[in-house]
Each structure stands twice: as C-alpha cells, then as structure tokens.
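Good morning, everyone, and thank you for making room for me today. Please have the sequence and the structure open while I talk, and stop me whenever a residue is hard to find.

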Amino acid sequence: MPQFSKFVVGQRNSVQLLDTEGYVYVRKKCRDTPSHSTWRCAKNGAPTRCPSHCYLRGDQSLLLGRKPHNHQSNPKEIEKREVLHSLKKIAREKPHLGTQSLVADVLSNNRADIIVHLPKMESMARSVQRSRTHNLHHILPPRKDQTSAKVKT
C-alpha cells in the first residue's frame with residue numbers, strides 16, 4: 001500500500017503530492033477539511049483521464065480512493081521535475097552565475113539516467129532566464145512609463 005512520500009513543486013509552482021510508488025497527485029480544493037485533504041491523480045486530463053484519488057490525513061497517512069490508476073507510475077519523471085525545480089531555484093538565488101555554466105553545473109551533478117529525461121540544454125537555459133526575469137518583477141518596483149511622466153506645455 002502506498003504511503004505519503006513528500007510534496008513536490010509542479011509547473012507554475014503548484015504543490016503536488018508524491019506517494020511512495022511514484023504517483024503524483026494535485027489538490028482537489030472542494031473537499032478539504034481540517035482532518036484530511038483530497039488529492040486527485042495529476043494525469044486526470046486527456047488522454048489518460050486517470051480516475052484515481054487519495055486522502056491525506058492530518059497524521060500524514062495516505063488513504064487511497066476506490067478507483068485505481070489506469071497508467072503506470074514514472075519515478076524518473078518526478079526526479080526530472082525536482083532537477084528542473086532546483087535549477088530554477090538556484091537561478092533565482094544566484095543571479096550572478098552565467099546561464100550556461102549554471103545549466104552545465106546542474107547537469108554534471110546528476111545521474112545519467114536522469115539527464116536523458118531532461119529537456120534540451122537550450123530549453124533549460126530559457127527556463128533559467130524566465131525564472132530570473134520573473135524573480136526581478138517581484139524585487140524591483142514597477143517602472144513608470146516615461147511618456148506619461150512628460151508634461152505637455
């Protein structure tokens with residue numbers, strides 16, 4: 001029986017639940033109570049439409065729903081997500097590091113069986129640049145439009 005493993009960060013910084021068998025769940029907001037929260041399989045969209053869901057109790061125990069998964073778990077996909085999340089996190093924390101050297105450093109610190117599942121180096125470099133740009137929008141004050149600051153005489 002699977003157990004709660006950890007929370008992982010998905011696309012757009014969504015919180016996802018990972019069980020010990022490698023399945024990923026996203027939170028189903030309409031069913032939360034103080035004693036448990038409801039999570040549905042992350043592969044619930046087309047073409048898979050997995051009907052599985054689970055309940056995470058307050059004591060961190062996992063209770064599976066009645067319907068099983070209709071697909072296999074993919075633990076390598078989870079590790080790939082974690083590597084990409086750590087890449088973006090390092091990019092935001094250390095903006096002084098060059099993009100290419102940062103990507104190369106992350107690649108050199110991971111196993112070959114994980115690296116083959118990662119996107120192309122150019123795609124990861126763009127992700128680093130986007131995360132840095134996104135981070136700057138939260139740090140810097142908004143710029144005033146220079147045309148609106150001019151006074152007509």
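Let me begin with A42, which counts as partly exposed because its relative accessibility is 28%, and partly exposed is the class between buried, under 20%, and exposed, over 50%. I should say at once that this is a predicted model, so please hear every number today as a computed value. A42 sits in the loop that runs between β4, residues 36-41, and β5, residues 53-57. If you look for V24, you will see that it is 18 residues from A42 along the chain, and yet the C-alpha atoms of A42 and V24 are separated by 5.6 Å.

Staying in that loop between β4 and β5, we also come to R49, and R49 counts as exposed because its relative accessibility is 56%. Its backbone deserves a careful look, since most residues other than glycine have a negative phi. R49 is not a glycine, but its phi is positive, at about 50°. Q60 gives us another example, with a positive phi near 70° in a residue other than glycine. You will find Q60 in the loop between β5 and β6, the latter being residues 62-64, and with a relative accessible area of 41% Q60 is partly exposed.

Now please turn to helix α1, residues 75-93. How far apart should the ends of its 19 residues be, at 1.5 Å a residue? The expected span is 27 Å, and the end C-alpha atoms of α1 are indeed 27 Å apart, so the two values agree. The buried residues of this helix are I78, K80, V83, L84, L87 and A91. When you look at how such a list is spaced, it helps to remember that an α-helix has 3.6 residues a turn, so residues three or four places apart point the same way.

Helix α1 also brings us to the salt bridges, of which the model has four. In one of them D113 pairs with K76, and the closest N and O atoms are 2.8 Å apart. This pair links distant parts of the chain, because D113 is in helix α3, residues 112-115, while K76 is in helix α1, 37 residues away. Both partners are partly exposed, D113 because its relative accessibility is 32% and K76 because its relative accessible area is 26%.

Another salt bridge joins the side chains of E79 and R111, at 3.0 Å from N to O. Here too distant parts of the chain are linked, since E79 belongs to helix α1 and R111 to the loop between α2, residues 99-108, and α3, with their positions 32 residues apart. E79 is partly exposed at 24% relative accessibility, and R111 is partly exposed as well, with a relative accessible area of 45%. R111 forms a salt bridge with D113 too, the closest N and O atoms being 3.1 Å apart. Which residues, then, are joined into one network by salt bridges that share partners? They are K76, E79, R111 and D113.

Let me finish with charge on the surface, where K88, K120, R126 and R130 form a positive patch. Of these, R130 lies in helix α4, residues 121-139, and R130 counts as exposed because its relative accessibility is 54%, which is over the 50% that the word exposed requires.

Conventions
Residues are numbered from 1 along each chain as its sequence is written. This is a predicted model: local features need pLDDT of at least 70, side-chain atom pairs count only at pLDDT 80 or more; totals for chains, interfaces and linings use all residues. Side-chain values use heavy atoms; hydrogens and water are left out. Patches are made of residues with over 30% relative accessible area and no salt bridge: like charges are joined within 9 Å, nonpolar side chains (Val, Leu, Ile, Met, Phe, Trp, Tyr) within 5 Å. Accessible areas come from the Shrake-Rupley method with a 1.4 Å probe; for residues, only the protein chains shown count as cover. Lys and Arg count as positive and Asp and Glu as negative; His and the chain ends are not counted. The place of a charge is taken as NZ of Lys, CZ of Arg, CG of Asp or CD of Glu. Helices (H or I, at least four residues) and strands (E, at least two) are DSSP runs, numbered from the N terminus. Buried means under 20% relative accessible area, exposed over 50%, partly exposed in between (1.4 Å probe, protein chains only). The expected span of a helix is 1.5 Å times one less than its number of residues.
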